[in-house]
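This report examines the surroundings of a bound ligand and the arrangement of the chain about it. The sequence and structure are shown first.

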Amino acid sequence: MTDPVRIAITGAAGQICYSMLFRIASGGMYGPNQPVALQLLEIPQAMGVLEAVKMELDDCAFPLLAETICTDDPKTAFTNIDAALFVGAKPRGPGMERSDLLKDNGKIFSSLGKIMNDVANPDVKVCVVGNPANTNAYILKANAPNLNPRNITALTRLDHNRAISQLAAKVGSTVPEIKKMVIWGNHSTTQVPDISYCNVAGKAAAGMVDEAWAREDFIPTVAKRGAAVIAARGSSSAASAGNAVVDHMASWVNGTDSDDWTSMSVPSDGSYGIKEGLIYSFPVTCQNGDWKIVQDLPVSDFIQGKMKESEAELLEEADAVKEMV
Ligand code: NAX
């Protein structure tokens, strides 16, 4: 039997993981022939709920689930892993400033980064989901210099999927007909959903919609979709976020289609004038377990201006946590 892929997952008793873990255990992330072992990390107060999640995983009798470890010790969670999904984070409480949220989560990600640095395989593939995801990944990367920095990524696949779905509804097409969507920037309301290179069944999407729709309707709808779900549901996106993590990792590991790309927040190498080292969402192609930023796309002045605003927000966030990096 093939050795299992070992995946550490933080915040495993939370909402996102309640849908995501079952998808991973049934083969959604690594495919139908690859066993997986889950190394689930929680804070001590949530261990009871985590045990209940394990009971349900056991009760599914998933053929591909080789082992489930539940722990509140990060060292145990991060030992021998191939991938780490950082879903756990402190939520923003009433009256809490964004800078306080950045600092509180910064402490979590700097301490977990240091532990990863000591015990994790240097090639571990990391996806940060817990918000503020891009800056949490930036802090984790700085505190884990032994890890391959290319492998520290953050999730903007949910935004990418939301953008595809909005465009499909607008032009009356199906999701698989839409190729080459882009999310630039931060996973926040400054993100830049961009249809400039998109095609729908081979036709340029930009020619199928008004420019005013793309600028004034599409961009804010995608960027504020998380808030719309909270308003409708009373809590934040969970199943769609879990699905996006599955998609993010599956694209990274198995590759993107030759006629398409995806959006991932990755360490900037200076492409498109974005400051090197920031964790910024770019269009990427994936092959052989590695990603590459799509180069030389012609960027309009309008999109460029918005990309710079999102970069400025990330620079501000980086400044707010500078003592942790
Ligand atoms: P929940 O509050 O349901 O679950 C979070 C879990 O993390 C809790 O069980 C908590 O005990 C645990 N936790 C907190 N600190 C921890 C630590 N230091 N180590 C291990 N576990 C820890 O939140 P959920 O709805 O699952 O969302 C998780 C995070 O994802 C939030 O930060 C949320 O803002 C973020 N999101 C990110 C998205 C993205 O696209 N990047 C979209 C969805 C979501 O908003």
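## Composition of the ligand shell

In this predicted model, the shell around the ligand comprises twelve nonpolar residues, nine polar residues and one charged residue. The shell holds 22 residues, of which Gln15, Ile16, Glu42, Val129 and Asn131 come nearest to the ligand.

## Polar contacts and burial

Two side chains make polar contacts with oxygen atoms of the ligand. For Asn131, a polar side-chain atom lies 2.9 Å from a ligand oxygen atom; this residue is also among those that come nearest to the ligand. For His187, an N or O atom of the side chain is 3.3 Å from an oxygen atom of the ligand. Gly11 takes part through its backbone, where a polar atom is 3.3 Å from a nitrogen atom of the ligand.

On its own, the ligand has 880 Å² of accessible area, and the protein covers 81% of this. The space that the ligand takes is the largest pocket.

## Domain arrangement

The chain is divided into two parts, domain 1 (5-154) and domain 2 (157-320). Their contact takes 31 residues from domain 1 and 38 residues from domain 2. Taken over C-alpha atoms, the centres of domain 1 and domain 2 are separated by 23 Å.

## Position of the ligand

Where does the ligand lie with respect to domain 1 and domain 2? Both domain 1 and domain 2 give residues to the shell around the ligand, and the ligand therefore lies between them.

Definitions and conventions: Residues are numbered from 1 along each chain as its sequence is written. This is a predicted model: local features need pLDDT of at least 70, side-chain atom pairs count only at pLDDT 80 or more; totals for chains, interfaces and linings use all residues. Side-chain values use heavy atoms; hydrogens and water are left out. A residue is near a molecule or strand if one of its heavy atoms lies within 4 Å of it. A polar contact is a pair of N or O atoms within 3.5 Å; within protein, one must be able to donate a hydrogen and the other to accept it, and residues adjacent in sequence count only if both atoms are side-chain atoms. Accessible areas come from the Shrake-Rupley method with a 1.4 Å probe; for residues, only the protein chains shown count as cover. On a 1 Å grid over the protein atoms alone, a cavity is a set of points where a 1.4 Å probe fits but cannot get out, and a pocket is an open set with protein on both sides within 12 Å along at least five of seven lines; lining residues have an atom within 4 Å of a point. A molecule sits in a cavity or pocket if more than half of its atoms lie within 2 Å of its grid points. Ala, Val, Leu, Ile, Met, Phe, Trp, Tyr, Cys and Pro count as nonpolar, Asp, Glu, Lys and Arg as charged, and the others, Gly among them, as polar. Domain bounds come from an automatic or database domain assignment. Contact means heavy atoms within 4.5 Å.
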